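Me: Could you take me through one part of this structure closely, saying how each term is defined as you go?

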Amino acid sequence: MGLSSTLGASIFVITISAQFLIARCMSIHEKQALNYGDQRLKRCNEVLQGMKLIKLLGWQDIFYKMIKNVRKLEVNSMRNINSFFTASAILTDSSPLMVTMIAYGSYTAITGLVLKPDVALPALALFNIFQQPMFLFPINMFLTVNGAISTKRIQKFLNSPELDESNFNDKHLIDDKEQSNQTKDKNRANSMKAKYQAKDTTLLKQNDISESYGALQSSFNAVDVQPDIPDDVAIKVQYGSFTWNPRSSIPIISDINIEIPRGKLTMVIGEVGSGKSSLISAMIGEMTSLQGRVQFNSRQQTVALASQKPWLINASLRDNILFGQPYDYERYKSVLEACALLPDIEILPGRDMTEIGEKGINLSGGQKQRISVARAVYSSKDIVIFPVILDDPLSSLDAHVGAHLFENAIKRLLVQRNTTVILVTHQIRFLPHADQILVFENGMISYQGQLKDMENHHPDIFSYVHQTERSDSESCTHEDALFTDTDNERRLLEKQVARILEEKHLSKSADFSLTFAEANDEARLLDEEEIERGSVSYQVYWYYSSSFGWTMVTFILFFICYPSFVIGANFWLVSWAEDGLSNSTEPVSYYVGVYTSLCFSAILSDFIAFVSLIIGVIHAARIIYLDMLGKIMQSPMRFFDITPLGRILNRFSADTQVIDSQLMTTIDSTLFFTMSCLAAVIVNVVISPYFLLVIIPIGILCYYLQGIFIASSRELQRLDSVTKSPVFSHFSETLGGLQTIRAYRCQRRFYNTIMDRVDINNTVFLYLQTMNRWLGVRLDFLGAIAVLFSGIITVTTASVGYLAPGYVGLAIAYALQTAYFLNLLTKLVANLEMQMNAVERVKFYTDLPTESSEGEEPSRHWPSVGEIKAQEMCVRYAPDTDTVLNEVSFTIHPGQKIGICGRTGSGKTSLALAFFRLIDTYRGRILIDDEDIGTIPLTTLRKRLAIIPQDPVLFSGTIRFNLDPEGTKSDGELWQALDIAQLKNVVGDMRKGLDSGVSEGGENFSVGQRQLFCLARAFLRNSQVLIMDEATSSIDHQTVQILQKALSTAFAKQTVITIAHRVSTIMDSDIIFVLQSGEIVENDTPEALLANDKSIFYSLVLSDKKKYVKAKIHQF
């Protein structure tokens, strides 16, 4: 064709140049979409982590709208990306047509020759060959842009500050199992030990931010020689100033100069936010050092940590205690006894092999704390002595259990065995047992020494402890009564345990020899992730198509029109070329005009089809996501108890990503190649019907191969999706317990675990790609056969004079495309079904049962007086679980202050949850101001009541948002609430005040401060009914006293129900409820219960050892 073909081919050059410009624009919007996706996932993760509190406060709609708004921004970015993708695809699809229009239209004008079949059809075949890579160009460009941006984001993450890699080669950062498996150079180790008796833990300096962050760096080198630590010192901190933000120069704790005595008990006390927990974090290398160093004694270099907020893994109770250590039955049993876990284990469905949900969701706060302490105690070995750091582990325990744990676990199993113990606590009644006391004030140590020397420095603390000791000695005559009562209660518990075991046909004397696999089904909390079998249901396709909207019809219609116009243009080209042989008198402009019209019609159809596809895909992605989000937000709390967080996040991330981006290109490509294959077959059949003799057997073989491929690849795709969930779950779980993992030096074990899970997922992906290659080889072979026989048939037919030469060329041109199209179509059909698996998995979550939100709205001022009546209330967490509250009945008069106490696991928190219908009240009812709460819409009920939960949760954002997310309160009201919660000075000292930032989970505040924020939040609700569930468990005694005075004024007229482990916080209550095994066994005034030395409440008060015990006992 000469110059005209070159002129036409220039369109390809222009198209490719335009594609690069489009790619640059796409990359901008792709970055935005990924950033919005990060924000959405972060918010989703935060919502799932705090779902219990969100439901208690009735904030589902608030967070739903928040995620919806971020999703809207993400969808808008996706729309922009897809618009550029459409422009790229239109250019690609139209470029072959534009090339042929220009080449054929200018051929006669440039060369002066008539267009004939021997010129037109070979050129058409060549241009069609160019169409194949051009079609893939925008798809590959889209993937390349996405990959480049993702790679840069990963690179940025990998370049962020991290622990020094050399730490993992240092023996005190390696698991015991790994350490025993490694070959060590003993001679070198001995010489090093001779040189340096002390291991130095130098925390990251501020000018080392680019290299590492919060690192425990070993200084085994001749340059950095540190002075030896005396043998009687376990940990030494010199001139220490530490901060959380590596880029900040303001220390959180400063001027720290301490020596922790080896083999002794050191207690750390102080007010909320004074820096106690920060000291622990600094010791284990979690903070940035502005100056100073932390040194560990070489003989005590491994650390066990029981944090204030217990962290448990989704495994059996036994595995949570062993935590990777070998199972030693005698030591294991002694730890269980010391931590008062045996009674709990006996009544668990699978005993110590009972599965613990994520974050210990199926355990009470006290049980989680005791398991955390048991882990620390069990990790001790007779031949390896190490510090055990306890960050207020007694805060969630009642008086009896706390005293038992302190005496038997901390003192007997640890301190008496020369283990160094650092105990951070607000319970200063234990101070007489401390060998050393550290008092924190405003981020500094105000006192360091023994109790006997505290009188001059802290007379208030000294006086408090002294009065407690006096009350203990003066009430010693009542100890026999306490022991008798405790023995009676223990015998009662043993009878209950024996009855339960008898019902389950278990033996009380059975040892802990079960494996998780051998434990009965009741021991398992989490079910296996649901996985469908067989073909993806047509209901899934219909669900997606209905979400697509009206654009689905437009898309299909115009996508059918596109190849129809292309076929028409090609047949017109053959007619044009054939007329050239017969010297037609029609002008060239006539042929060019019709050909151009058909080409432009094809381009227009392609454009409308793509626009319809984009509108439909974006609409479907938005509708499906919000549908899933809404159903999850409204799901019962039990769903979150038994479903791993990673399984839900998998839907919000991987499956959503498939629906958002991959399905669009797959649907487009599948329909395009379907139409192209049909066009190729139709053209060949129209030209030569004998082609059916070839294409039908090949079609049958393709269908057979496709059946084999889809059956295997579909299940592999499902396995690929399912095997991602454990990766997400483990990763999320690990992030939540990083401090504990690093303290125990288990980084390598957790790293290996997640890599094993990634390897499993990658193995499935590898098999999936192998299946693709298996299919590709066979389809290439069948395609080659189709081309061969198509050529033979058409040439033979033409040779006998039944077919014009132009149609022979057209048939061969389409036959050459058939092999390629057939190969891709078979793969794309399989890919479409595999990707519809994501829709299938998301659809499963859109069909989840939801909480009933129906009911009749109460009056605007309900509850107005706060009268509460419980009538034979029976409560359980799910229909298939045991009753946790059994036929509980009581009446609370308006404005009464009710205190609820009982042993850990007695049902106190369950009672609180029943008021909010967070668990199933299957019999009986609760009336508040004569309104049955079961008939009130859930959101209304939860917004009309106030609660301070056991687990304080803050959300990322601002302090203002955490206190008043609906924005209905004035600044004055917010400051008043903070003043009552003793936080006014804390927030006032922050640069932005109420608009100061709160990190995810409120990690930039201490646990005690988080509880105080929750208290301020409850005050702002101004409800007539307030429930306080262990609201002061993480707050020091002095702050508790101030709060009690403030609360007595702020909530003077409200009905207040206080659940407490420390009975001192409920001694001023009007009525005390004592719970045991899900029943109210005592219900009277504190004075009446204290007058009866046989009462359980009396024993709780006596064991709590508070200063007012003497006064109360002698008064009544």
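Reply: What follows is a close look at helix α24 and its residue A914. This is a predicted model, in which local features need pLDDT of at least 70 and side-chain atom pairs count only at pLDDT 80 or more, while totals for chains, interfaces and linings use all residues. Residues are numbered from 1 along each chain as its sequence is written, and side-chain values use heavy atoms, with hydrogens and water left out.

Helix α24 covers residues 908-915, where helices are DSSP runs of H or I with at least four residues, numbered from the N terminus. Eight of its eight residues are buried, so α24 is largely enclosed by the rest of the structure; buried means under 20% relative accessible area, computed with a 1.4 Å probe on protein chains only. The buried residues of α24 are K908, T909, S910, L911, A912, L913, A914 and F915.

Within this helix, A914 has a relative accessible area of 1% and is therefore buried. Leaving aside residues up to four places away in sequence, A914 touches M873, V875, I919, T921, I926 and I933, a contact being heavy atoms within 4.5 Å. One of these partners, I926, stands twelve residues from A914 along the chain, and the C-alpha atoms of the two are separated by 8.6 Å. After α24 comes R917, which has a positive phi, near 55°.

Methods
Helices (H or I, at least four residues) and strands (E, at least two) are DSSP runs, numbered from the N terminus. Buried means under 20% relative accessible area, exposed over 50%, partly exposed in between (1.4 Å probe, protein chains only).
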